[in-house]
Amino acid sequence: MRVAAFNVENLFDRIKAFNDEDPETHKDVLNAHAALNKLFEKPVYSAADKKKMLALMEQLGILKDDEGPFVWLRKIRGKIVVRPKKSGPVRIEANGRDDWVGWVELKTARVEEEAITMTARMIRDMDADIMALVEIESRPVLTEFHDYIYEPLAANSYRHLMVIDGNDRRGIDVGIMARKGFSIPSMRSHVDETFKGKTVFSRDCPEYIIETPGGNRIAVLPNHFKSKYGGNHKPSRDKREAQATFVAKYYRRLLKEGIENIIVLGDLNDTPDSNELNPLLKTSLKEITDHPKFTEFEFNAKTKDRGIGTFETGADKKKIDYILQSPALWKKVKLGGIFRKGVWTASRRWEMYPELTKPLYGASDHHGLWVDLDID
């Protein structure tokens with residue numbers, strides 16, 4: 001059987017800034033969006049805070065209006081900003097978080113049809129029995145994608161499609177699909193986990209117990225850790241470390257419960273040498289790219305990369321997606337690899353699908369990761 005993980009970067013609607021022709025636009029917008037929302041959460045706004053807020057609002061195009069090209073300023077109660085109609089500068093009215101309720105919200109836009117179809121092709125050709133998907137809008141959206149886009153292209157459809165709504169307002173949840181013959185007898189969500197008064201998971205770390213056609217049980221934990229957009233500052237690093245710590249705790253509990261076959265997979269948004277992932281990577285879980293049967297892909301003779309990168313150019317330093325396996329599953333690995341077909345980056349054109357009329361449209365900046373297991 002094959003298990004795969006793929007960050008699709010949304011199926012039908014994704015952050016509008018991602019569609020801009022300038023590759024730096026989405027980084028600038030996400031960084032400004034994160035910085036402004038962080039300032040909004042401060043209990044007291046200093047004069048310096050207010051000055052920075054106005055600068056960020058101007059950068060995002062919401063200084064003179066609540067709607068910018070890529071974001072909305074959502075105001076639920078109270079007043080954050082005053083925009084004089086006749087004279088005088090725009091000013092921040094609120095003096096702290098308690099004075100108003102609101103936030104900056106990223107606009108979404110329809111994903112290009114070619115990109116949607118590319119996602120379906122990649123999922124079809126990865127041909128996984130269990131597919132973990134990252135950045136899924138919702139279960140109804142996943143069902144529509146499967147029934148109307150994926151199924152007409154594929155010989156084998158999926159029987160089970162599951163997404164548990166997480167903590168992210170942008171609709172970038174984690175989900176799972178399993179083929180006919182597999183079942184999902186139990187599910188557990190961790191959206192309410194807290195650490196030091198803060199929510200642990202940016203999305204969720206759901207636990208799916210999957211039963212194979214041969215009657216074996218596998219615990220599958222898809223994840224999408226806190227990203228580095230908005231700056232890899234200490235709160236960002238601390239959040240990823242907390243997420244890694246809690247997932248490691250779930251892993252140890254599952255082992256104590258007698259479940260030997262465990263997979264933690266998805267986009268962990270950090271590299272294998274990062275301190276933040278240590279709580280998880282230092283457990284007995286092992287990464288597929290370290291297995292002797294992993295198919296390496298040395299695409300750069302100059303850098304001598306092994307070919308384990310999973311993001312953008314695929315360079316080793318871009319390794320942020322994982323399939324981590326318990327010792328019992330590690331022994332059952334037949335083969336593993338990275339699916340690079342259909343991925344587009346500005347610096348490298350991976351093998352494209354010849355039937356595409358617009359090869360510019362890749363499905364995602366992430367590459368698919370897969371493992372074949374001799375489990376039944």
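The buried residues of helix H4 are covered by elements that include helix H3 and strands E8, E9 and E10. In this predicted model, H4 takes in residues 139-150 and lies across E8, E9 and E10, running at about 150° to E9. Its buried residues are Val-141, Leu-142, Phe-145, His-146 and Tyr-150. Seen down the axis of H4, these residues fall within an arc of 135°, so they line one face of the helix. An α-helix has 3.6 residues a turn, so residues three or four places apart point the same way. On the other side of H4, Pro-140 and Tyr-148 are exposed. The N-terminal end of the helix is capped by Ser-138, which has a side-chain oxygen 3.2 Å from the backbone nitrogen of Val-141.

The strands under H4 belong to a sheet. This sheet is open and has six strands in the order E9-E10-E8-E1-E20-E19, and its pairing is mixed. At its edges stand strand E9 (158-163) and strand E19 (333-339), each of which pairs on one side only. Neighbouring strands are turned by 15° against each other on average, with direction ignored. Within the sheet, strand E1 (residues 2-7) pairs with strand E8 (residues 130-136) in the parallel sense, over five bridges. Asn-7 is placed opposite Val-134 in E8. Helix H3, made of residues 113-126, also lies on these strands: it crosses E1, E8, E9, strand E10 (173-179), E19 and strand E20 (368-373). The direction of H3 is at about 160° to that of E1.

One residue of strand E10 shows how the strands meet. Gly-175 has its place in E10 and counts as buried, at 0% relative accessibility. What does Gly-175 touch, leaving out residues up to four places away in sequence? The residues are Met-131, Ala-132, Leu-133, Ile-136, Met-162, Val-163 and Pro-222. Met-131, Ala-132, Leu-133 and Ile-136 carry numbers within the range of E8, residues 130-136, while Met-162 and Val-163 fall in the range of E9, 158-163. Pro-327 lies elsewhere: its C-alpha atom is separated by 24 Å from that of Gly-175, and the two residues are 152 residues apart along the chain.

A second sheet is found in the chain. Six strands form this open sheet in the order E11-E14-E15-E16-E18-E17, again with mixed pairing. Strand E11 (183-188) and strand E17 (286-287) are at the edges, each with a single partner strand, so one side of each is left without a neighbour in the sheet. Helix H5 (residues 234-256) packs on the sheet and touches E11, E14, E15 and strand E16 (262-267). The direction of H5 makes about 175° with that of E15. Strand E14 (residues 207-211) and strand E15 (residues 217-224) run antiparallel and are joined by four bridges. In this pair, Tyr-208 stands opposite Val-220 in E15.

Ahead of E14 in the chain is strand E13 (198-199), and the loop between E13 and E14 holds Arg-203. Is Arg-203 buried or exposed? Its relative accessible area is 3%; a residue is called buried under 20%, so Arg-203 is buried. A polar atom of its side chain lies 3.2 Å from the backbone oxygen of His-224. His-224 is also among the residues that Arg-203 touches, as are Gly-166, Asn-167, Asp-168, Arg-170, Ile-172, Asp-173, Val-191, Phe-225, Lys-226, Ser-227 and Asn-269, not counting residues up to four places away in sequence.

Lys-198, which lies in E13, is exposed, with a relative accessible area of 61%. Lys-198 and Lys-239 are 41 residues apart in sequence, and their C-alpha atoms are 9.2 Å apart in space.

The chain as a whole can now be described. Its secondary structure comes to seven helices and 20 strands. The radius of gyration is 22 Å, close to the 21 Å that the globule rule gives for 376 residues, so the chain is as compact as a globular protein of that length. The C-alpha trace spans about 75 × 50 × 45 Å along its principal axes. Of the 376 residues, 53% are buried. Among contacts with a separation of 6 or more, 71% are between residues 24 or more positions apart.

Key: Residues are numbered from 1 along each chain as its sequence is written. This is a predicted model: local features need pLDDT of at least 70, side-chain atom pairs count only at pLDDT 80 or more; totals for chains, interfaces and linings use all residues. Side-chain values use heavy atoms; hydrogens and water are left out. Two strands pair if DSSP finds at least two bridges between them. Helices (H or I, at least four residues) and strands (E, at least two) are DSSP runs, numbered from the N terminus. Contact means heavy atoms within 4.5 Å. Axes are lines fitted to C-alpha atoms, for helices over the stretch in contact, and angles run from 0 to 180 degrees between N-to-C directions. Buried means under 20% relative accessible area, exposed over 50%, partly exposed in between (1.4 Å probe, protein chains only). The arc is that of the directions from the helix axis to the C-beta atoms. A polar contact is a pair of N or O atoms within 3.5 Å; within protein, one must be able to donate a hydrogen and the other to accept it, and residues adjacent in sequence count only if both atoms are side-chain atoms. The radius of gyration is taken over C-alpha atoms; the globule rule is 2.2 Å times the number of residues to the power 0.38.
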